[in-house]
Amino acid sequence: MDLAERANLISPSPTLAIDTKAKQMKAEGQDVCSFGAGEPDFDTPEHIKQAAIEALNNNFTRYTPSSGIPELREAIARKLFRENGLEYKPTQIIVSTGAKQSCANAMLAVCQPGDEVVIPAPYWVSYPEMARLAGAEPVIVQTKQENGWKMTADDFRDVMTPRTKMVVLNSPNNPTGALYTREELAEIVEVCDEEGICILADEMYEKLVYDDAEFVSVAAVSRQAYDLTITVNGFSKAYAMTGWRLGYLAAPENIAKAIDSIQSHLTSNPTSFAQYGALAALNGDQQCVSDMRDEFQVRRDYVYERISNMPNVTAVKPMGAFYILMNIERTALSSTNFSDRLLSKQKVAVVPGIAFGNDKTVRISYATSLDVIKKGLDRIEEFLRTV
Ligand SMILES: Cc1ncc(COP(=O)(O)O)c(C=O)c1O
């Protein structure tokens with residue numbers, strides 16, 4: 001049976017291949033240090049689990065409105081107002097089965113064949129594929145390490161065409177840890193405003209920001225930004241809830257309405273009782289979030305310090321998320337070759353940067369214990385002395 005053209009355009013997640021190999025080696029009893037994970041290594045906080053258990057015990061197990069239970073949409077609207085300075089009505093908020101679904105929904109609602117979606121690289125692996133699924137064409141902008149891996153307004157202008165429909169801004173960024181300042185965002189918003197370009201603001205790592213850096217929501221930059229932006233966020237990274245599959249977006253009313261319809265036909269509601277866990281996450285004590293953040297910061301400091309002193313590699317200090325991107329250009333190895341050799345020689349798993357649109361880098365996730373981080377970095381250092 002021939003597949004649809006759409007299916008042929010999509011490639012499987014490249015981050016999974018090395019992960020599968022690392023897991024296989026572990027299963028064989030080998031001592032592998034895995035830096036591949038895209039999820040916190042912490043458990044979901046107790047009060048969040050209890051809220052979902054209670055909902056389940058109360059038989060809250062039926063369909064809910066496809067856009068989420070009203071209490072949760074209200075709590076998200078309050079959160080966005082309180083923490084991000086954004087005024088959304090609950091009807092502008094669509095709860096989904098993860099920020100991944102929210103991003104895909106946003107592209108499906110806004111983009112169509114003939115449109116271009118500008119994606120700064122290094123990017124989160126799914127954006128280009130989502131654009132293709134929507135029938136649009138991803139246009140990749142290579143950002144520069146000397147600019148902290150951030151797209152400037154000039155970089156953006158250079159790739160813009162009359163077909164540019166959307167730009168993706170992911171701050172804090174996966175895989176670079178880059179955090180855009182208010183001024184940097186404002187300059188990009190200005191370009192979008194001139195041309196009426198929609199902004200997909202993926203703010204998944206909002207809670208993981210280090211030192212005294214300020215996180216700024218794109219939609220909060222100006223009234224124009226608010227009108228152009230679809231803000232995506234979720235529970236996976238901030239509350240260690242990756243497996244729960246819960247995210248959300250906030251958008252201008254007409255876009256939210258369209259996305260509600262799309263979601264109602266694709267998946268219906270996110271899991272009913274899980275939504276009560278999300279409600280407890282937002283309404284409960286936020287100490288658990290800052291505790292996890294503090295631990296990530298200790299690891300970030302350690303990893304950055306170590307990598308800065310290793311031969312043949314460089315890195316930008318990540319200001320958010322839990323990744324560091326290591327520039328391996330001086331080794332003259334492709335990112336896949338580097339990652340394969342590192343895994344077989346030193347039993348350390350990293351993600352080749354080609355997966356993120358940059359073959360001169362590899363991504364290290366520090367969402368693992370400091371002991372594993374220390375051991376893994378010792379091995380990377382040894383490996384680097386031999387390449
Ligand atoms: C930048 C970014 N956006 C969205 C997601 C998806 O998150 P969720 O688990 O809510 O689908 C991820 C997960 O890795 C991510 O890194």
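Is Gln 275 buried or exposed, and what is its relative accessible area? In this predicted model, where local features need pLDDT of at least 70, side-chain atom pairs count only at pLDDT 80 or more, and totals for chains, interfaces and linings use all residues, Gln 275 is buried, with a relative accessible area of 0%. Residues are numbered from 1 along each chain as its sequence is written, and side-chain values use heavy atoms, with hydrogens and water left out. Buried here stands for under 20% relative accessible area, exposed for over 50%, and partly exposed for what lies in between (1.4 Å probe, protein chains only).

Gln 275 is placed in helix α11, residues 272-283, where helices (H or I, at least four residues) and strands (E, at least two) are DSSP runs numbered from the N terminus. With its side chain, Gln 275 makes a polar contact to the side chain of Thr 64 at 3.1 Å; such a contact is a pair of N or O atoms within 3.5 Å, and within protein one must be able to donate a hydrogen and the other to accept it, while residues adjacent in sequence count only if both atoms are side-chain atoms. Leaving aside neighbours within four places in sequence, the contacts of Gln 275 (heavy atoms within 4.5 Å) include Gly 68, Ile 69, Leu 72 and Leu 246.

The largest nonpolar core, a set of buried Ala, Val, Leu, Ile, Met, Phe, Trp, Tyr and Cys residues joined through side-chain atoms within 4.5 Å, has 64 residues, of which Met 107, Ile 307 and Ile 380 touch the most other members. Because domain 1 (5-43 + 287-386) and domain 2 (46-283) both give residues to this core, it lies between them; the domain bounds come from an automatic or database domain assignment. A second, separate core of 29 residues includes Leu 80, Trp 244, Leu 246 and Ala 278.

The structure also holds 11 aromatic pairs, in which rings of Phe, Tyr and Trp (its six-membered ring) have centres within 6.5 Å, with planes under 30 degrees apart counted as stacked, over 60 as edge-to-face and the rest as tilted. The ring centres of Phe 322 and Tyr 323 are 4.8 Å apart and their planes are at 55°, so this pair is tilted, and both residues are buried. Phe 338 and Phe 383 form an edge-to-face pair, with 5.1 Å from centre to centre and 85° between the planes. This pair links distant parts of the chain, with Phe 338 in helix α13 (residues 335-346) and Phe 383 in helix α14 (residues 370-386), 45 residues apart.
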